[in-house]
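Hi,

Here is the structure I promised to send over. Have a look at it first, and then read on for what I found.

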Amino acid sequence: MVHSIEYINDERFKWWRIEYLRKIFKFINYQDSPSILDVGIGEGHWSIPILEIMQEDWFFTGVDIEEYWVHKSSERLKKHFPTKKDDIKVLQGSAYKLPLVDDSFNLVTCQTLFLHLDSPSKALSEFKRVLKPGGYMLIAEPINIFNRLDISSVDENLDVAIKVSTTNLWLYYHEGIRKNNQGNQHIGAFLLNYIQKEKLNVIQIFGNDQVDITTKIKNNGIWWENEEEIRKYATLGGASKQIVETGLMALKKVAQMKKKQSLENCFSQIIPSSMVIYLIKK
Ligand SMILES: C[S@@+](CC[C@H](N)C(=O)[O-])C[C@H]1O[C@@H](n2cnc3c(N)ncnc32)[C@H](O)[C@@H]1O
């Protein structure tokens, strides 16, 4: 299956307020006509707001490991910025071995790429290689345990044991993904260590400025994943059968409550901010 296909859609445009991103960009001193690289571009949901902030004055390169996303993003960006067609190129390649020369970009950026990588150091050192001296990196990655914690409008009086069981289950689930070399779902919290190892300077770390309030119930409220997938990865992560089954029962109980409240047309879920943006200078 194409990488991340089930997670990439226009909902991503709601993750950031453009005014907030604009404030972040005030910390970046870029020259005229900066060259920008977005790695793991997907369909361009991160590149588009960034390029809008930079107005007409840029040269853009995207990279993705999947041919599918290379075509999709190239088409989408060229359609979105019709007067800039000649300044946009998207290449197929890996974050571990970028098909680009040293010291060639003013800004290297990505969103939800590192969470999929089993070697963040390797990618970060490639980002550093292609970045011009004095250039910036802008890395937006999640800490996905926050949005798994059941802090929602339904659970003020929910038994603490149920909240513990669901959190427990998600931690093992994420550990299973990591053990399976599919990356670290909490990478937003750990990137600092990797950045320091590369001797890069963190200028500022930003959190997301909004919470996701949604009445949508996915997979009967359990989340995006199906039961079998949760069972598989949590077990791989080291959870006992009892932890998995108790956790699943707790998830279902919370799901039922959310569903009921959703039917009554209340907000069912308030997802706390889980994204972190690192602004880094070479
Ligand atoms: C979750 S998507 C994020 C897409 C886009 N950055 C966004 O925020 O909408 C992750 C993207 O990274 C790409 N990807 C995964 N591993 C990669 C690698 N090693 N090198 C380059 N791209 C990779 C996937 O194909 C996918 O398009």
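The shell around the ligand is made up of twelve nonpolar residues, nine polar ones and three charged ones. That makes 24 residues surrounding the ligand, and His3, Gly40, Gly42, Ala95 and Gln111 are the closest. Please keep in mind that this is a predicted model.

Next, the strands. S9 (residues 275–281) pairs with S5 (residues 131–142) in the antiparallel sense, over seven bridges. One of the pairs puts proline 142 opposite methionine 275 of S9 as its bridge partner. S9 also runs antiparallel to S6 (residues 201–207), and six bridges join these two strands. Here glycine 207 has valine 276 in S9 as its bridge partner.

Then there is helix H3, which covers residues 67–80. How far apart are its end C-alpha atoms? They are 20 Å apart, and this agrees with the expected span, because 14 residues at 1.5 Å a residue should also give 20 Å.

Which residues of H3 are buried? They are Trp69, Lys72, Ser73 and Leu77. Looking down the axis of H3, you will find its buried residues within an arc of 120°, so they line one face of the helix. Their packing partners are helix H2 (47–53), strand S2 (59–64) and strand S3 (88–92). Glu67 and Lys79, by contrast, are exposed on the other side of H3.

Happy to talk it through whenever suits you.

Best wishes

Technical notes: Residues numbered from 1 in each chain as written. Predicted model: local features only at pLDDT ≥ 70, side-chain atom pairs only at ≥ 80, totals over all residues. Pairing = 2+ DSSP bridges. Helix = DSSP H or I, 4+ residues; strand = E, 2+ residues; numbered from the N terminus. Near = placed C-beta within 6 Å. Nonpolar A, V, L, I, M, F, W, Y, C, P; charged D, E, K, R; others polar. Expected span 1.5 Å × (residues − 1). Buried ≥ 20, exposed ≤ 12 C-beta atoms within 10 Å, placed from the backbone. Arc of directions from axis to C-beta. Contact = placed C-beta atoms within 7 Å.
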